[in-house]
Amino acid sequence: MAVTVFIPTALRQFAGDRAEVSVEAATVGEALEKVTGEHAELRRHLYGEQNALRSFVNVYVNDEDIRHAQRLDTPVKDGDTVSIIPAIAGGATTEAEAVKAEVLPTLSNDEIARYSRHLIMPEVGMEGQRKLKAARVLMIGTGGLGAPTGMYLAAAGVGTLGVVDFDVVDASNLQRQIVHGTKDVGRPKIESARDRLSDINPHVKIEAYETRLTSENALELFREYDMVVDGTDNFPTRYLVNDACVLTGKPNVYGSIFRFEGQASVFWAARGACYRCLYPEPPPPGLVPSCAEGGVLGVLPGIIGAIQANEAIKLILGGGDPLINRLLLFDAWKLRFRELKLRKDPACPVCGENPTVKELIDYEQFCGLTPPPAAVQTNSETEGRMEEITATELKQRIDQGDDLQIIDVREPNEYDIARIPGTKLIPLAQVTQRMGEIDEGRETVVHCKGGVRSARAIEALTRSGFKGKLVNLKGGITAWSNDVDPSVPKY
Ligand code: ZN
């Protein structure tokens with residue numbers, strides 16, 4: 001039976017860069033065996049101990065989740081599709097109303113003129129517009145996803161928008177974070193977003209929180225709002241947002257993006273699955289790259305963020321078919337939408353029948369991010385510390401003619417943007433396979449963009465038995481540009 005196995009973007013590098021693979025198989029397990037049999041790296045990412053699928057990986061046959069029962073013996077027939085869906089680093093009814101305003105506010109004549117295209121639609125009308133005005137929506141982040149959601153929610157007349165961000169506008173944000181402009185580079189995002197949103201609609205009250213969302217402040221903050229729009233870009237905050245939403249009973253309007261791929265859903269424990277029902281555990285640190293490492297098509301967060309705004313508005317209006325128990329997948333490169341069914345997991349640690357998570361935890365630790373990665377703590381020869389060199393020291397050593405080899409573990413397209421002269425490119429994912437190309441007899445400096453991937457490469461090489469001396473370039477090529485050669489562009 002010929003079945004098609006879809007490989008997600010984040011894992012394609014381990015599958016010969018292919019988006020889909022056609023295999024002959026009678027069961028799901030057999031199909032996955034065949035695909036991973038050819039690609040050992042892919043296998044390592046999908047399976048954990050005792051050959052069980054890792055818990056941050058979901059498998060669907062057509063649109064059915066077969067993972068909960070670990071039913072790898074599920075039969076497949078000709079033409080079926082098997083989708084591997086890993087976690088990716090961003091309607092009210094009578095039984096659960098999203099907005100609980102006792103008395104709806106009235107609209108001024110100015111507001112009636114502004115919202116006329118809403119008011120003439122029966123699905124919104126005067127009552128719906130007044131519900132929007134009564135609504136209080138909390139947005140986590142004003143980045144790629146938060147920019148379009150904030151702008152559309154403000155334009156639609158959502159009465160109160162809470163905005164949480166602690167970041168500063170950087171030139172590299174402007175490719176997608178359209179709420180900020182060139183004149184805002186260097187300003188706190190929260191100020192830039194407030195100005196833009198107030199300009200779009202002065203009737204909207206902006207409540208700005210220039211702070212990091214933490215386990216200490218999340219519950220208090222969430223209780224003040226009707227729903228939360230998750231525009232975060234990292235796993236600890238994603239799990240924090242999910243758990244705080246479940247504990248306070250708020251809907252979580254979810255979106256995430258990576259390169260060309262996006263996901264969206266509405267997680268609302270009162271009505272269905274939560275994020276942990278879908279992904280009980282985060283991927284190990286470093287396995288799924290962030291947008292800063294992997295890149296993202298600028299328009300993608302515009303599409304996913306607009307879908308989040310659409311879902312938030314429907315929850316406020318209490319109409320339409322919300323994305324509850326549905327996971328929407330979007331591939332911008334192929335221009336393809338797919339939809340998968342979600343199920344509430346009775347064993348979910350936070351929204352299940354016997355929850356074990358009853359208060360917020362340490363999410364950095366949960367995601368394996370504290371204590372700091374072992375990469376900066378261990379190396380074979382030295383007394384348990386990875387050796388580092390600064391960009392300035394490296395330049396001095398090159399100038400004095402020391403015998404060094406420099407290995408660049410970034411991706412080829414990053415190498416095209418900027419490079420340090422005389423380096424050899426071996427991307428991180430290939431570094432152990434291509435270990436033979438690194439001369440053990442010479443001192444080796446390893447570098448990447450900022451110093452994290454190179455530390456991982458050194459760790460991987462050391463684990464694989466590399467005998468030579470390995471030194472990490474502190475701050476990567478960015479430090480080289482800052483401290484040695486400003487003509488090397490920063491990206
Ligand atoms: Zn759950």
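## Strand 6, strand 9 and the eight-stranded sheet

In this predicted model, Ile140 has Asp230 as its bridge partner in strand 9. Strand 6 (residues 136-140) and strand 9 (residues 227-230) pair in the parallel sense, over four bridges. Two strands are taken to pair if DSSP finds at least two bridges between them. Strands (E, at least two residues) and helices (H or I, at least four residues) are DSSP runs, numbered from the N terminus. Residues are numbered from 1 along each chain as its sequence is written. Local features need pLDDT of at least 70, side-chain atom pairs count only at pLDDT 80 or more, and totals for chains, interfaces and linings use all residues, while side-chain values use heavy atoms, with hydrogens and water left out.

Eight strands form an open sheet with mixed pairing, in the order 8-7-6-9-10-11-12-13. Strand 8 (205-209) and strand 13 (336-341) stand at the edges with a single partner strand each, so one side of each is left without a neighbour in the sheet. On average, neighbouring strands of this sheet are turned by 15° against each other, direction ignored. Helix 10 (residues 235-248) lies across strand 6, strand 9, strand 10 (252-258) and strand 11 (261-267), and runs at about 165° to strand 10. Contact here means heavy atoms within 4.5 Å. Axes are lines fitted to C-alpha atoms, for helices over the stretch in contact, and angles run from 0 to 180 degrees between N-to-C directions.

## Helix 7

Helix 7 (residues 146-156) is mostly covered, with nine of its eleven residues buried. Buried means under 20% relative accessible area, exposed over 50%, and partly exposed in between, for a 1.4 Å probe and protein chains only. The buried residues of helix 7 include Met151, Leu153 and Ala154. Gly157, which follows helix 7, has a positive phi near 95°.

## The five-stranded sheet

A further open sheet has five strands in the order 2-1-5-3-4, with mixed pairing. Strand 2 (20-24) and strand 4 (64-65) are at its edges, each with a single partner strand, so one side of each is left without a neighbour in the sheet. Strand 1 (residues 2-6) runs antiparallel to strand 2 and is joined to it by five bridges; Phe6 has Glu20 in strand 2 as its bridge partner.

Strand 3 (57-61) is largely enclosed by the rest of the structure, because five of its five residues are buried. In a regular strand the side chains alternate between the two faces of the sheet. From strand 3, Val57, Val59 and Val61 point one way and Asn58 and Tyr60 the other way, and all are buried. Strand 3 is joined to the antiparallel strand 5 by five bridges, with Val59 opposite Ile84. Strand 3 also pairs with strand 4 in the antiparallel sense, over two bridges, and Tyr60 stands opposite Asp65. In the hairpin of strand 3 and strand 4, two residues lie between the strands, and Asn62 takes a positive phi near 50°.

## Helix 2 across the sheet

Helix 2 (residues 28-38) lies across strand 1, strand 2, strand 3 and strand 5 (81-86), running at about 120° to strand 2. Its buried residues are Val28, Gly29, Ala31, Leu32, Val35 and Thr36. They are on the same side of helix 2 because they cover an arc of only 160° around the axis, the arc being that of the directions from the helix axis to the C-beta atoms. The buried residues pack against strand 1, strand 2, helix 3 (40-46), strand 3 and strand 5. On the other side of helix 2, Gly37 and Glu38 are exposed.

## The zinc site

The zinc ion is coordinated at 2.3 Å by the SG atoms of Cys274, Cys277, Cys348 and Cys351. Donors are N, O and S atoms within 2.8 Å of the metal (3.2 Å for Na, K and Ca); water is not among the atoms, so sites may look incomplete. Along the chain, the donors follow the spacing C-x2-C-x70-C-x2-C. The arrangement is tetrahedral because the four donor atoms subtend angles of 93 to 121° around the zinc ion; four donors count as tetrahedral if all angles lie between 85 and 135 degrees.

Cys277 lies in helix 11 (residues 275-278) and counts as buried, at 1% relative accessibility. Cys348 is buried at 1% relative accessibility, and Cys351 is buried with a relative accessible area of 9%. Cys277 and Gln177 are 100 residues apart in sequence and 30 Å apart in space, C-alpha to C-alpha.

How values were computed:
Four donors count as tetrahedral if all angles lie between 85 and 135 degrees; four count as square planar and six as octahedral if opposite donors are over 155 degrees apart and all others between 65 and 115; anything else is irregular.
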